[in-house]
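User: Please take a close look at the interior of this chain, and at the backbone and the charged pairs that go with it. I would like one connected account that I can follow with the model on screen.

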Amino acid sequence: MSDLTTIREEVLPSLTKAATLAELEELRVAVLGKKGRLTELMKSLGAMSPEERKSFGQELNVLKEEITAAFTERKSFLEAEAINERLKNETIDVTLPPRPFVQGRIHPVSQVTEELLAIFSQMGFKLAEGPDIEDDWHNFEALNFPKSHPARQMQATFFMKDGGGDILRTHTSPVQVRTMESQDLPIRIVAPGRTYRCDYDMTHTPMFHQIEGLVIDKSTNMGHLKGCLIDVFKAFFEVDDVPVRFRPSFFPFTEPSAEMDIGCSRENGEFKIAKGKGWMEVLGCGMVHPNVLKASGINPDEYQGFAFGFGIDRMAMLKYGIPDLRTFFEGDIRRLKHYGFIPLDIPAMNIGLSLNGGIKR
Ligand code: DAH
């Protein structure tokens with residue numbers, strides 16, 4: 001009898017005080033487990049007289065029920081508490097802005113491609129694409145490079161090993177032909193992409209990037225070409241004025257052909273847009289040659305237009321002061337960290353191409 005009172009007085013308060021589910025379980029085992037205090041007392045029932053057994057047995061059962069009830073109550077309390085604690089800790093505050101300095105970086109070539117596309121798309125140009133592995137027709141023949149023309153040699157072409165005559169495109173100009181072959185007139189497209197030539201030094205890599213432009217309609221002329229390119233370069237370098245000059249040149253696929261230079265200074269190795277300091281060649285352009293129109297299924301007596309093409313990597317080097325082209329393609333994460341751009345800052349004409357016209361790091 002007194003045993004039961006002791007157990008009741010000791011166990012019930014400690015059950016209600018148990019701080020964790022593990023502690024509670026320990027207490028339960030100590031009383032109700034195989035060798036628990038109550039279990040031991042149950043075992044003693046066998047040795048008792050029937051009267052003793054009846055009354056002691058009843059009291060034992062009452063206590064057992066009390067303890068079990070107290071245990072169950074505490075258990076559900078502790079379980080609820082654990083869930084609430086988890087809910088509190090694992091809550092996501094969706095009103096918090098994302099961390100501003102995410103780990104990944106956008107490669108300068110991707111950045112500059114996006115910047116150029118933002119400019120051209122605002123001017124009404126659509127995006128066009130063509131394959132990296134080209135055939136002779138699209139890369140040369142339709143672009144008015146006759147078979148033995150010396151301009152072919154100047155392109156340091158990579159030929160596919162199978163001898164089928166396919167090549168890695170040496171420029172993005174074949175996309176002009178593909179677009180004229182497949183799209184309705186008038187045409188106004190830009191085609192950025194990878195190009196390949198067997199060349200390697202500070203300013204040349206075997207794989208590089210170009211962007212091609214093509215406008216074809218009934219009246220587009222050389223004046224439109226100049227105005228368009230001047231606007232593009234002003235927007236790209238994020239300045240109000242870019243000194244430019246057009247020099248006569250030769251490309252088989254344009255007539256007349258020109259190269260465009262921009263006025264710039266290079267002091268202490270730093271490139272700046274500037275008047276009267278010097279010139280740098282940035283692109284080739286011209287009026288699409290009638291032979292190219294014909295080869296692409298367009299009547300040159302009815303339609304005309306201009307084309308241009310330039311190196312994207314070169315533009316990235318100039319705008320963001322990156323001295324060695326080869327480092328673009330080495331995949332060194334440290335360089336990407338230094339010269340890369342924050343992914344969420346997407347270039348757009350209405351908010352600025354690059355943050356404050358400067359470099360984002
Ligand atoms: N495809 C030429 C090159 O890679 C660049 C070029 C020049 C493209 C004149 C043109 C153009 O569209 O009209 O050197």
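Analyst: Pro186 is a convenient place to begin, and this residue is found in the loop between helix H8 (174-182) and strand E4 (187-196). The model is a predicted one, and in it a cis peptide bond joins Leu185 and Pro186, with omega at about -5 degrees. Another cis bond runs from Glu255 to Pro256, again with omega near -5 degrees, but here the proline has its place in a strand, E7. Such bonds deserve a second look because most peptide bonds are trans, just as most residues other than glycine have a negative phi.

Strand E7 leads to the interior. The largest nonpolar core has 45 residues, and those with the most contacts inside it are Phe233 and Phe308. At least two residues of this core come from each of helix H5 (108-122), strand E5 (207-217), helix H9 (222-237), strand E7 (254-267), strand E9 (279-288), strand E10 (304-311) and helix H11 (312-320). Helix H9 supplies the largest share, eight residues. A second core, separate from this one, has 23 residues and includes Ala128, Leu214, Ile216 and Val288. Groupings of this kind are in keeping with a broader tendency, in that nonpolar side chains in soluble globular proteins tend to be buried together.

Which residues does Phe233 touch, once its neighbours within four places in sequence are left aside? The partners of Phe233 are Val242, Met260, Val282, Leu283, Phe310 and Met315. For Phe308, the pairing of the strands gives a further point of reference. Strands E5 and E10 run antiparallel and are joined by eight bridges, and within this pairing Phe308 in E10 is the bridge partner of Gly213. Strand E10 also pairs with E9, again in antiparallel fashion, through five bridges, and Gly284 stands opposite Gly309 of E10. When following these strands on screen, it helps to recall that the side chains of a regular strand alternate between the two faces of the sheet.

The charged pairs can be read against the same strands and helices. Side chains of opposite charge can pair when their charged atoms come close, and a search of the whole structure finds 22 salt bridges. One of them joins the side chains of Lys218 and Glu302, at 3.4 Å from N to O. This pair links distant parts of the chain, since Lys218 is in the loop between E5 and H9 while Glu302, 84 residues apart from it, is in the loop between helix H10 (290-295) and E10. Glu302 counts as partly exposed because its relative accessibility is 38%.

Another salt bridge, at 3.8 Å from N to O, is formed by the side chains of Glu267 and Lys277. These two residues are ten residues apart, with Glu267 in strand E7 and Lys277 in the loop between strand E8 (270-273) and E9. Are the two partners buried or exposed? Glu267 has a relative accessible area of 45% and is therefore partly exposed, whereas Lys277, at 56%, counts as exposed. There is also a network, in which salt bridges with shared partners join Arg245, Arg247, Glu259 and Asp261.

Helix H4 (residues 50-89) offers a pair of another kind, with Lys75 and Glu79 lying in this one helix, four residues apart, about one turn of the helix. Their side chains meet in a salt bridge of 3.9 Å, N to O. Lys75 is partly exposed at 34% relative accessibility, and Glu79 is partly exposed as well, with a relative accessible area of 36%.

Two loop residues deserve a check of the backbone. Asn144, in the loop between helix H6 (136-139) and helix H7 (150-153), has a positive phi near 70 degrees without being a glycine. Glu238 is likewise not a glycine, and its phi is positive at about 55 degrees; this residue has its place in the loop between H9 and strand E6 (244-251) and, at 28% relative accessibility, counts as partly exposed.

Finally, how far can such details be trusted? The mean pLDDT of the chain is 90, and 96% of its residues reach 70 or more. Over residues 356-361, however, pLDDT stays under 50, although the model has 15 contacts for them beyond four places in sequence. Where pLDDT is low, the predicted coordinates should not be read in detail.

Note on methods:
Residues are numbered from 1 along each chain as its sequence is written. This is a predicted model: local features need pLDDT of at least 70, side-chain atom pairs count only at pLDDT 80 or more; totals for chains, interfaces and linings use all residues. Side-chain values use heavy atoms; hydrogens and water are left out. A nonpolar core is a set of buried Ala, Val, Leu, Ile, Met, Phe, Trp, Tyr and Cys residues joined through side-chain atoms within 4.5 Å. Buried means under 20% relative accessible area, exposed over 50%, partly exposed in between (1.4 Å probe, protein chains only). Contact means heavy atoms within 4.5 Å. pLDDT is the predictor's confidence in each residue, from 0 to 100. Two strands pair if DSSP finds at least two bridges between them. A salt bridge is a side-chain nitrogen of Lys or Arg within 4 Å of a carboxyl oxygen of Asp or Glu.
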